[in-house]
Structures are given as C-alpha cells and as structure tokens.
Amino acid sequence: MAAWLFISPLAIVSLLVIGGPGVASLVFSFTDWDGLGAASFIGIDNYIELFQSPAVLSAIWHNLIWTLFFLVVPITMALLGAFLLSRIRRGQAVFRVLYFIPYVLATIVSATIWRQILSPTAGIGPALSSFGLDWLADVNFLGDPSLALGAVAFVNNWQWWGFLLVLFVAAMQGVNPALYEAARLDGANAWQEFWHITLPGIRPTFMFLVLMTVIWSFLVFDYVYILTQGGPAGSTDVLATVLYRTAFAEQRAGYASAMAMLLSVISAVVVGGYLFLRKKLDWDV
C-alpha cells in the first residue's frame, strides 16, 4: 500500500495527460472533425480511407525500411564499438562522452548543421569540388527521391548510435570478467568472446533496445520533418509526418486521429510480442 501511495501522483498525471487524450483520439477517430468545431460521427470511414490511401501505405513502407535500417546499422555499430571500447582501460570515459554528445544536441541544431553539410550548393559536394574531387558535385542528397530517405536515416543514425553504444558499454561492464579469463585460457579469440560471452551477458539490455528501436522507428518525426518535411514528392514521408500534415495543414483531425490509433496499435503489437517472447525464451536470464 505504501508503494502504491508513492507512485499514485505519477499514475494520476499519466492517466490525465496520456490516458485522457488517448481516449479522446480513439473517439475522434470515428468522426469527421476539423480540430475546432463540432465533430460528426462517421463510423469506420476514416479507417477505410486509411488503408486505401496511397500516401499512408507509402508512409508505412518507409517506416518499415526505416525500422530495418535502425535494427541493423546503428545496433551493429554500437555493439561492436561498445565491445572495443570496453577493452580500453584508460580514457574510456572520454570516448563515452564524445560518442554521447550528438545525442544530447538539440535536434533542430544537429539537423540544421547536417542540412548545410548535405546542401548541393554549399555543402560537402562543392567543398570537395574545390579540391578537384567532383564525385559528389552533382549529388543532391535531400532533393533526390532515391537518396533522400537514406540521407535522413544517415543523419539520424549519427545522433542515435552513440546513445546505444553508451548503454551497451554500461551493460558489458556488468558481465563477469572471470568468464573472459576462462575463455582466453580455453583459447577463445575476441570474436568468440563477443559471441558466446558478451552477447548472452547483455541480452536483457539488447532486447530492450531492440524493442525501443522498433517503437521509435514508427514514431520518428523530427529529423524527417526538419530536413525534408516528407519530400521530395513524398519520398521521405513516414506515418508521423502524414499525420501532422493531415491534422494541421488539411485540418482533418478526425482522420489524423485514426492514423494515431494505427500507430498505437503497431506499438501495442510490438510490445505484446516482446513481452511474450521475453517470457517464453527467458530473455531476462
């Protein structure tokens, strides 16, 4: 009872700030509403339109590509970087701070800097051309539909992977050093130590970060909106940018609420699947 009393203020705030708007979004997703006036009930029409909309289906596809990229590239970089960094005995804290700095920078600041770097008129391409290296001279990273999504993901990865690295390093410090000593006595190399000792030792942290990466990938908004606003020609649109544009530019808050419910369902399915697998496969052990 004492524990419940201590957490009750936060629980009440969560119910009011998260639960209240969540229920409201569910109700408004069944209405035709402009966000200001009266809402009229239209049943499941918003959801029917949602799954027939080329813009929404394209955004979902981009979210899936984004998720796959962030499940592979930053996590792999962070795992290998953390393993190498964990072997450094002197100056490790300096490297951890350096890798963590991009994560604590304001998104608008880092995105603006990268937009300048990737600019086709004043960015890295023209800078290299001044040294006679013209292989990026005509490349418009954020203006080419075939490159824009990858360019935005690259920028976001620059900010994200250092955060993962710091968490992985902290988890690796909890692995029993005696296991590594025993492995070396048995003739294990660095890769075998990483695969058979480090990965199993940090499995709870690893699986939790995989879960958060999937959820975050479907909620991504800031870097996409700041760098491209979903363009060019919708090539970087994700569900969150379509939702934002629908709610505030087109003033279709009811339809946008249906998109928000879709994001909530995706997150709930991911979390439910994670909890099921964690219990079934003993990921906490």
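## A first look at this predicted chain

The protein chain carries 12 positive and 15 negative side chains, and the centres of those two sets sit 15 Å apart. Keep in mind that this is a predicted model. You'll find 13 helices and 2 strands in the protein chain. Below is a quick tour, from the overall picture down to a few backbone details.

**The overall picture**

- Along its principal axes, the C-alpha trace of the protein chain spans about 70 × 70 × 30 Å.
- Of the 285 residues in the protein chain, 38% are buried.
- The protein chain exposes about 16100 Å², and carbon and sulfur atoms supply 71% of that.
- Take the contacts in the protein chain with a separation of 6 or more: 68% of them come from residues 24 or more positions apart.

**The nonpolar cores**

- The largest nonpolar core has 45 residues. Trp66, Leu79, Leu164, Leu165, Phe168 and Met172 are the ones with the most contacts inside it.
- Who builds this core? Helices H3, H5 (107–117), H7 (148–172), H8 (177–185), H9 (190–201), H10 and H11 each chip in at least two residues.
- H7 gives the largest share of this core, with 15 residues.
- Met172 is a good place to zoom in: leaving out residues up to four places away in sequence, Met172 touches Leu79, Ala82, Phe83, Ser86, Phe194, Thr198 and Ile202.
- Apart from that core lies another one, of 18 residues, and among them are Phe218, Ala247, Tyr255 and Ile266.

**Helix H12 and what covers it**

- Helix H12 runs over residues 239–249, and its buried residues are Leu239, Ala240, Thr241, Val242, Leu243, Thr246 and Ala247.
- Ala247 shows up twice in this tour: it is one of the buried residues of H12, and Ala247 also belongs to the core of 18 residues.
- What covers the buried residues of H12? The cover includes helix H3 (54–86), helix H10 (203–219), helix H11 (222–227) and helix H13 (253–281).
- H12 is followed by Gln251, which has a positive phi, near 55 degrees.

**Salt bridges**

- The count of salt bridges comes to 4.
- Arg252 and Glu49 pair up through their side chains in a salt bridge, at 2.9 Å from N to O. Arg252 is in the loop between H12 and H13 while Glu49 is in helix H2 (residues 45–50), so this pair ties together parts that are 203 residues apart in sequence.
- Are these two partners buried or exposed? Arg252 is partly exposed at 28% relative accessibility, and Glu49 is partly exposed at 29%.
- Glu193 and Arg184 also meet in a salt bridge, at 3.4 Å from N to O. Glu193 is buried, with a relative accessible area of 2%, whereas Arg184 is partly exposed at 44% relative accessibility.
- That pair isn't on its own: Arg87, Arg184 and Glu193 are linked in a network of salt bridges.
- Arg245 forms a salt bridge with Asp237, and their closest N and O atoms are 2.7 Å apart. Arg245 is partly exposed, with a relative accessible area of 29%, while Asp237 is buried at 9% relative accessibility.

**Backbone details in the loops on either side of H12**

- Where is the cis peptide bond? A cis peptide bond joins Gly231 and Pro232, with omega about -5 degrees. Pro232 is placed in the loop between H11 and H12.
- Ala233 can be found in the loop between H11 and H12 too. Its phi is near 55 degrees, which is a positive value in a residue other than glycine.
- Buried or exposed, then, for Ala233? Ala233 counts as exposed, at 83% relative accessibility.
- Gln251 sits in the loop between H12 and H13. Gln251 is another residue other than glycine with a positive phi, near 55 degrees.
- Gln251 is partly exposed, with a relative accessible area of 48%.
- The loop between H12 and H13 holds Gln251 as well as Arg252, the salt-bridge partner of Glu49 in helix H2.

Note on methods. Residues numbered from 1 in each chain as written. Predicted model: local features only at pLDDT ≥ 70, side-chain atom pairs only at ≥ 80, totals over all residues. Heavy atoms only, no water. Buried < 20%, exposed > 50% of the residue type's maximum accessible area, 1.4 Å probe, protein only. Helix = DSSP H or I, 4+ residues; strand = E, 2+ residues; numbered from the N terminus. Contact = heavy atoms within 4.5 Å. Areas by Shrake-Rupley, 256 points an atom, 1.4 Å probe, with all protein chains shown as cover. Lys, Arg positive; Asp, Glu negative; His and termini not counted. Charge placed at Lys NZ, Arg CZ, Asp CG, Glu CD. Core = buried A, V, L, I, M, F, W, Y, C linked by side-chain atoms within 4.5 Å.
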